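Thanks, everyone. I have one structure to go through today, and I will keep to helix packing, one ring pair and a few side chains.

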Amino acid sequence: MVSSSDPVTMENPPKSPDGSEKSPPSKELLTSNTASTLCISSRSESVWTSASRSKWEIYHKPVIVVSVGAAVFLFGMVITSLSCIQIKNKNVYKMCGPAFLSMGLMLLVCGLVWIPIIRKKQKQRQKSQFLQSLKSFFFNR
């Protein structure tokens, strides 16, 4: 039996008035960073992060897709033209050339279409932020 003058140890957890045992407080529960965890773990643009990004940060993916597509397209043009010039392995060049042409053209077009989509998204985000600031200005008075 634990008396009231004995110090509480980990072997004898403190008892509540009704006699049930309580577990010692956990350090994990005391240091909860819910808002920052949500902000870090979200994949999309968050309302909390309003830092402006550079043009390269915004457009780097479509620029890479366009440049890879252009390189593959040019490689396909070279291979296709080799099928006209070279006599050896003509069938290989005739099969691979159009394949690289079509893959390169597909990447090129996807990247070129992606850029206006990002621009439209940026404009919508700016409008949304403007409307949010107006709403908070009028309703928080």
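Before the slide on packing, one term: a helix crossing is called left-handed if the near helix is turned anticlockwise from the far one by less than a right angle, and right-handed if the turn is clockwise. Please also keep in mind that this is a predicted model.

First, the overall layout. The protein chain has four helices and zero strands, so there is no need to spend time on the definition of a strand. Along the sequence the pattern reads α-α-α-α. The chain has 141 residues, and 12% of them count as buried.

Now the packing of α3 and α4. Helix α3 covers residues 55-85 and helix α4 covers residues 90-139. Their axes come within 7 Å, with a crossing angle of roughly 160°. Angles over 145 degrees count as roughly antiparallel, which means that α3 is roughly antiparallel to α4. In the sense I just defined, the crossing of α3 and α4 is left-handed. What classes of residue make up the contact of α3 with α4? There are 26 nonpolar residues, eight polar ones and four charged ones.

Next, the aromatics. A pair of aromatic rings is described by the distance of the centres and the angle of the planes. Searching the whole structure gives one aromatic pair. It is formed by phenylalanine 75 and phenylalanine 100, at 4.9 Å centre to centre and with 85° between the planes. Since planes over 60 degrees apart count as edge-to-face, that is the label this pair gets. Phenylalanine 75 sits in helix α3 and phenylalanine 100 in helix α4, so the pair ties together parts that are 25 residues apart in sequence.

Are these two rings buried or exposed? Neither label applies: phenylalanine 75, at 43% relative accessibility, counts as partly exposed, and phenylalanine 100, at 28%, also counts as partly exposed.

Last, two serines. Serine 83 is in helix α3. Its relative accessible area is 5%, and because buried means under 20%, serine 83 is buried. A polar atom of the serine 83 side chain lies 2.5 Å from the backbone oxygen of threonine 80.

Serine 81 is in helix α3 too. With a relative accessible area of 33%, serine 81 is partly exposed. How far apart are serine 81 and lysine 94 in space, C-alpha to C-alpha? The distance is 9.0 Å, for a separation of 13 residues in sequence.

That is what I have; the structure is still on the screen.

How values were computed:
Residues numbered from 1 in each chain as written. Predicted model: local features only at pLDDT ≥ 70, side-chain atom pairs only at ≥ 80, totals over all residues. Heavy atoms only, no water. Axes fitted to C-alpha atoms, helices over the stretch in contact; angles between N-to-C directions. Parallel < 35°, antiparallel > 145°, perpendicular 65-115°, else oblique. Nonpolar A, V, L, I, M, F, W, Y, C, P; charged D, E, K, R; others polar. Phe/Tyr/Trp six-rings, centres within 6.5 Å; stacked < 30°, edge-to-face > 60°. Buried < 20%, exposed > 50% of the residue type's maximum accessible area, 1.4 Å probe, protein only. Polar contact = N/O pair within 3.5 Å; in protein donor to acceptor, adjacent residues only side chain to side chain.
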